[in-house]
Amino acid sequence: MSKSLKLYGVLGVASAALMVGAHNFADRFVAPMPDNARVLSPESASPDMMFIAAARAEAAADAKRLGVGREALPEEIAAWDVDVSPDGTGLPEGSGSVMDGEELFVDYCAVCHGDFAEGVGNWPSLAGGDGTLANEDPVKTVGSYWPYLSTAWDYVHRSMPFGAAQTLSADETYAIVAYILYSNYLVEDDFVLSKDNFLEVEMPNADGFIVDDRPETEYGRFSEDACMENCKDSVEITMHASVLDVTPDEEGAEEAAEAMEEANADTAADEKIEEMAEAAEPAAESEAAAEPEAGEPAETAALNMALVEEGESVFRKCKACHQVGEGASNRVGPQLNGIVGHPMGAVDGFRYSKTLESMGEEGMVWSEENLAAFLEDPRGYVKGTKMSFNGLRKDEDIDAVIEYLKSFSQ
Amino acid sequence: MTADNEKKGASRRAFLKGAVAAGGAVAGAGMARAAEPDPLITEIQEWASGLGEGVDATPYGMPIRFEDDVIRRNVEWLTADTISSINFTPIHALDGTITPQGCAFERHHSGAIELKKEDYRLMINGLVDKPMIFTYADLERFPRENHVYFCECAANTGMEWAGAQLNGAQFTHGMIHNMEYSGVSLRTLLTEAGMETTGDLSDKWVYVEGADASSNGRSIPMDKALDDVLVAFKANGEALRKEHGYPVRLVVPGWEGNMWVKWLRRIEVMDGPVESREETSKYTDTLEDGTSRKWTWVMDAKSVVTSPSPQSPIGHGPGPLVITGLAWSGQGKITRVDVSTDGGMNWQQARLAMEGQSKALTRFYLEIDWDGSEMLLQSRAHDETGYVQPTKDALREIRGENSIYHNNCIQTWWVKENGEAENVEVS
């Protein structure tokens with residue numbers, strides 16, 4: 001019997017008694033009422049119906065394992081159980097230096113967090129803020145706020161980079177975390193973080209936390225009799241929301257309403273595809289039409305609409321970072337309208353890696369061939385690309401996503 | 001059909017302003033008396049003569065187009081990107097207590113993913129007798145429970161700590177929804193994996209984790225895990241929506257929404273908390289002296305008047321007025337709600353539409369005869385532990401202004417003579 005009995009006093013004892021007295025009832029799926037006077041008394045029957053239902057389910061579950069499900073294999077547990085605890089439990093073997101970390105950080109993290117982990121726009125800053133927690137505007141970073149280094153390692157390893165989570169190796173993670181520590185002046189530039197010295201790093205705000213003390217500091221004070229009449233002498237308005245005026249305006253609301261109308265009819269992307277399909281129909285008859293030359297504007301070619309549709313679903317993998325279609329703008333990655341046939345590294349307003357920028361300066365364009373090579377192995381094709389995506393494994397997916405991108409000419 | 005309704009894209013606010021003016025014109029006339037017969041009655045209307053849509057016109061229905069302003073809304077400046085962001089339930093326009101899934105607020109850390117039931121796996125590992133894998137079909141074979149619970153983001157009302165900021169109940173209090181969940185108790189699944197070899201349960205934890213790229217994970221103490229936590233796969237009778245964790249999410253009644261892990265994929269029984277990013281760097285509450293509270297899981301008693309409110313002004317003149325709102329407590333049932341129309345000088349008890357249900361929203365009403373003068377509307381919730389919802393000043397006195405989370409203060413709407421309302425703070 002499980003130890004949950006300790007926590008479930010009366011109910012637990014009741015279900016234990018049932019287990020002895022009514023063996024096998026869980027299998028028959030008919031749970032008798034727990035032997036409990038409060039539940040059985042007729043006057044309490046109605047308001048307690050939910051309680052009875054819950055008690056039944058509980059009794060049925062506690063009495064006997066159903067034998068549903070299967071045992072997890074060690075390989076499966078190893079694949080998913082990767083969390084790391086403050087005492088270092090869960091850390092894999094490995095190490096990484098500040099120097100390596102800096103390079104990785106610039107490639108994978110700086111687009112949101114800044115080259116020096118200072119944060120770009122509304123994205124979190126990871127460094128600085130030392131001694132600001134009691135200020136009017138505290139700056140909470142890994143250095144100034146986070147109590148455990150394990151949290152940083154665990155989060156970088158499992159949830160970052162944004163849009164390509166769970167792709168960093170153990171060594172890469174050690175290196176990036178080492179660089180974050182360095183950005184916070186917590187280690188020197190020759191520091192190498194490893195499983196062995198992990199617990200030696202002191203986090204400045206390790207002692208800055210207390211366990212929820214509302215029961216002691218608030219609940220007594222907020223449980224006094226509530227005043228009903230003449231509770232204060234006067235009431236003055238001390239602050240108006242309209243002074244700040246940060247509420248989303250009606251225009252935003254109307255955009256949202258329009259978006260909903262679109263959702264009612266169909267998705268915007270589907271409409272786009274239908275529109276394109278109609279336009280492409282006459283051309284589709286001569287299927288043997290020549291492939292467009294590399295660099296030729298996409299709109300002159302007939303699109304394979306079935307492929308475009310497949311490409312739309314493949315593009316979900318890209319959506320976290322890239323926008324396409326009406327109103328697309330640069331996010332983590334550049335917007336991709338008209339990208340097929342476009343010079344490399346040249347979407348307005350996007351900060352590219354040096355490699356991609358110089359490839360563009362040399363006159364290279366995103367022909368279908370080049371795009372396919374890039375999508376197959378991004379880091380192999382553009383060494384040092386900021387795109388942290390690992391690439392598409394299937395050729396069909398690559399063809400489909402390129403066809404989809406072709407449907408969004410400028 | 002009125003011109004206002006027919007005009008596509010007519011601004012809701014303009015429409016309401018028109019209604020206020022029309023109401024004002026009638027004000028003072030006592031019982032309204034029509035000067036001329038109403039053509040909507042005396043003339044045969046198109047809908048009373050022609051035909052409407054047949055069945056199957058919309059195999060799965062959406063709200064009628066006249067309600068297309070009752071939608072979730074986002075506050076763009078709050079977050080860097082909508083993929084890791086939050087939006088707000090239009091509580092100002094809803095009634096009753098159940099939140100329709102389609103307008104229930106969303107909060108994602110790496111976007112709402114698509115995960116098929118067939119591809120769904122739930123792992124239970126760690127300090128259990130036998131680590132287990134369950135498919136979605138497996139989950140359906142365990143005894144099921146139904147419960148109504150509210151889910152409130154810990155940051156609900158978080159923008160209001162330093163002062164009145166956002167003009168609308170949707171924005172100040174809309175990080176909340178309330179649904180009827182069907183699922184299997186976590187206790188049942190832990191029992192299936194077995195905890196005879198786990199040792200003393202009183203100091204154990206479960207770590208719960210999602211299948212999306214953020215792999216949002218939280219540590220929950222074992223006594224809560226064995227109490228009322230639910231592994232849910234249906235909400236309001238139908239499958240969970242993608243944005244709420246389809247096909248399976250965790251329901252942690254009364255506790256902050258971040259712990260209600262969506263796309264639940266793993267439950268690990270552990271010796272201690274993981275101290276994940278979401279329970280250290282976020283969802284911790286910094287006090288005035290710079291120390292921070294952690295493990296502030298419970299959502300304390302709270303309430304708000306949803307109408308009248310800035311997005312839901314009074315559309316008629318003086319006379320009968322229905323004041324309504326929502327109250328809830330993570331500690332149990334709401335037992336009473338008081339309403340003040342004078343900024344907290346005097347209070348009267350509101351009527352609860354139904355007896356409070358534990359850790360679920362309670363709807364309250366106060367019907368008054370409005371004299372047309374301005375009001376400072378407030379509501380104050382009481383729960384079954386005797387806790388009374390505090391003022392913002394009382395909270396700030398203890399916590400300062402930088403807690404971000406767990407702001408359950410009394411809200412004030414300044415309702416003006418023309419029926420419009422504004423978010424204000426009062427002395």
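**A buried tyrosine, two chains and their cores**

In this predicted model, A:Tyr145 is a good place to start: 25 other C-beta atoms lie within 10 Å of its own, so the residue counts as buried, the cut-off being 20 or more. A:Tyr145 sits in the loop between α8 and α9 (149-159) of chain A. Leaving aside neighbours within four places in sequence, the contacts of A:Tyr145 are A:Leu133, A:Lys140, A:Asn205 and B:Ser281. A:Met203 is 58 residues away from A:Tyr145 in sequence, yet their C-alpha atoms are 8.5 Å apart in space.

From this one residue, the view can widen to chain A. Chain A has 20 helices and five strands, and buried residues make up 33% of its 410 residues. Among the contacts in chain A with a separation of 6 or more, 58% join residues 24 or more positions apart. The domain assignment divides chain A into domain 1 (4-63), domain 2 (77-200) and domain 3 (265-406). Where domains 2 and 3 of chain A meet, domain 2 contributes nine residues and domain 3 contributes eight. On the domain 2 side, α7 and α8 (110-113) of chain A each supply at least two residues. By class, that side consists of six nonpolar residues, two polar and one charged.

Helix α7 (residues 98-108) of chain A also packs against helix α10 (residues 170-183) of chain A, at an angle of about 95° and with the axes 7 Å apart. The two helices are therefore roughly perpendicular. From α7(A), the contact uses A:Val98, A:Asp100, A:Gly101, A:Glu102, A:Leu104 and A:Phe105, while α10(A) offers A:Glu172, A:Ala175, A:Ile176, A:Ala178, A:Tyr179 and A:Tyr182. Sorted by class, the residues of this contact are eight nonpolar, one polar and three charged.

The next step is to see how the two chains meet. In total, 97 residues of chain B are in contact with 84 residues of chain A. On the chain B side, the elements that each supply at least two residues are β4 (121-126), β5 (132-135), α6 (186-193), β13 (264-270), β15 (292-294), β22 (375-383) and β24 (421-426). Of these, β24(B) gives the most, with five residues. The side of chain B that touches chain A holds 33 nonpolar, 35 polar and 29 charged residues.

Helix α6(B) deserves a closer look. Eight of its eight residues are buried, so α6(B) is largely enclosed by the rest of the structure. Its buried residues include the charged B:Arg187 and B:Glu192 as well as B:Leu186, B:Leu189 and B:Leu190. Just after α6(B) comes B:Gly194, with a positive phi near 85°.

Finally, what lies inside? In soluble globular proteins, nonpolar side chains tend to be buried together. Here, the largest nonpolar core has 107 residues, and B:Val206, B:Val231, B:Leu250 and B:Val251 touch the most other members. This core lies between domain 1 (101-293) and domain 2 (302-424) of chain B, because both domains give residues to it. Beyond its neighbours within four places in sequence, B:Leu250 is in contact with B:Val208, B:Val229, B:Val231, B:Trp260, B:Val261 and B:Leu264. A second, separate core has 43 residues, including A:Val84, A:Val142, A:Tyr179 and A:Leu181. A:Tyr179 also belongs to the α10(A) side of the helix contact described above.

Key: Residues are numbered from 1 along each chain as its sequence is written. Chains are lettered from A and ligands numbered from 1 in the order in which they are written. This is a predicted model: local features need pLDDT of at least 70, side-chain atom pairs count only at pLDDT 80 or more; totals for chains, interfaces and linings use all residues. A nonpolar core is a set of buried Ala, Val, Leu, Ile, Met, Phe, Trp, Tyr and Cys residues joined through C-beta atoms within 7 Å. A residue is buried if 20 or more other C-beta atoms lie within 10 Å of its own, exposed if 12 or fewer, and partly exposed in between; C-beta atoms are placed from the backbone. Domain bounds come from an automatic or database domain assignment. Two residues are in contact if their C-beta atoms, placed from the backbone, lie within 7 Å. Axes are lines fitted to C-alpha atoms, for helices over the stretch in contact, and angles run from 0 to 180 degrees between N-to-C directions. Helices (H or I, at least four residues) and strands (E, at least two) are DSSP runs, numbered from the N terminus. Angles under 35 degrees count as roughly parallel, over 145 as roughly antiparallel, 65 to 115 as roughly perpendicular and the rest as oblique.
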